[in-house]
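Biologist: Hello! I am new to reading protein models. Could we look at one together and ask how each label is earned?

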Amino acid sequence: MASKVNLDVSEVLDITCRQGDTFELTLTLKDSSGSGLNLSTDNYSFVMQVWPSNRRGSNPLIATTEKGLKGRNLNTEELPGAAYFEPFVVDDNGNVTIKATAATMRNVPAGRHIYDLQFILPTASGVDTHTTVLRGSFTINEDVTKAARR
C-alpha cells in the first residue's frame, strides 16, 4: 500500500527578465497524449502573481487582473504598489501568452521574487478546477538605460 501521494503537478520554471523591458512569454500546455489544450474553446482562465520573496506586504508586485486576490476584484479595485499583466492571450493549440508592457515593468522593483501560474477550468457543476502549473523565482534585473516616454 502506498504511504504518500503527491498531488502537486506544478513544474519549476525560474524566470529572469529586465526592469523596464517588455515582458512576453508564450507557454504551450499539453495533455497527457501531447496534444495542445483547447484553452480558448474550453474557457480556461489564468492567474499569475509575482510576490517579494520574503512575502512582506499584503500585495503582489505584479498580477493578473482577470482573477484577483481572495476578497478583491482587481478589475475595479487597485492594489497599492501593484502592477498588472496585460490580459492573457490563449488559443486552441495550448498556447498562452503572458505580457507586461515596458511601462508596467518599469514600476516593478528589481530583485529576486517568487511567482506561480494557475489555470482555472470551468466545469458543468459550477465548481471550477484550479491547477497550479508553474512556480519558481521571478528575477528582475535592474535596467541602466531609461527610455524616454513619448
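Biologist: What makes the contact between the side chains of Lys-99 and Glu-24 a salt bridge?

Modeller: Happy to explain, and please keep in mind that this is a predicted model. The nitrogen-to-oxygen distance between the side chains of Lys-99 and Glu-24 is 3.9 Å. The cut-off is 4 Å from a side-chain nitrogen of Lys or Arg to a carboxyl oxygen of Asp or Glu, so the pair qualifies. Lys-99 lies in strand β8 and Glu-24 in strand β3, so the salt bridge ties together parts that are 75 residues apart in sequence.

Biologist: How do you know that β3 and β8 are paired strands, and in which sense do they run?

Modeller: There are 6 bridges joining β3 to β8 (residues 95–100), and the two run antiparallel. Pairing asks for at least two bridges, so these strands pass. Glu-24 also has Lys-99 as its bridge partner in β8.

Biologist: Why are β3 and β7 said to stand at the edges of their sheet?

Modeller: The sheet is open, with 3 strands in the order β3-β8-β7 and antiparallel pairing. β3 and β7 each have a single partner strand, so one side of each is left without a neighbour in the sheet.

Biologist: Which other salt bridge involves Arg-135?

Modeller: The structure holds 2 salt bridges, and in one of them the side chain of Arg-135 meets that of Asp-8 at 3.9 Å, N to O. Asp-8 is in the segment before β1 (11–12) and Arg-135 is in strand β10, so this pair ties together parts 127 residues apart in sequence.

Biologist: Why is Arg-135 called partly exposed?

Modeller: Its relative accessibility is 33%. Partly exposed covers the range between 20% and 50%, so Arg-135 belongs there. Asp-8, with a relative accessible area of 44%, is partly exposed as well.

Biologist: And why does Thr-131 count as buried or exposed?

Modeller: Thr-131 has a relative accessible area of 19%, and buried means under 20%, so Thr-131 is buried. This residue is found in strand β10. Leaving aside neighbours within four places in sequence, its contacts are Val-9, Leu-117, Gln-118 and Phe-119.

Biologist: Now the rings. How many aromatic pairs are there?

Modeller: The count comes to 6 aromatic pairs. One of them joins Phe-23 and Phe-85, whose ring centres are 6.2 Å apart with planes at 55°. Centres must lie within 6.5 Å, and an angle that is neither under 30 degrees nor over 60 counts as tilted, so this is a tilted pair. Phe-23 is in strand β3 (residues 23–28) and Phe-85 in the loop between β6 (83–84) and β7 (89–90), 62 residues apart. Phe-23 is buried at 5% relative accessibility, and Phe-85 is buried at 3%.

Biologist: What makes the pair of Tyr-115 and Phe-138 edge-to-face?

Modeller: Their planes are at 65° and their centres 6.0 Å apart. Since an angle over 60 degrees counts as edge-to-face, that is the label they get. Tyr-115 sits in strand β9 (residues 111–121) and Phe-138 in strand β10 (residues 129–141), 23 residues apart. Tyr-115 is buried at 6% relative accessibility, and Phe-138 is buried at 0%.

Biologist: Which residue stands opposite Phe-138?

Modeller: That is Ile-15. Ile-15 and Cys-17 form the covered face of strand β2 (residues 15–18), while Thr-16 and Arg-18 form the uncovered one. Strands β2 and β10 pair in the parallel sense over 4 bridges.

Notes:
Residues numbered from 1 in each chain as written. Predicted model: local features only at pLDDT ≥ 70, side-chain atom pairs only at ≥ 80, totals over all residues. Heavy atoms only, no water. Buried < 20%, exposed > 50% of the residue type's maximum accessible area, 1.4 Å probe, protein only. Contact = heavy atoms within 4.5 Å.
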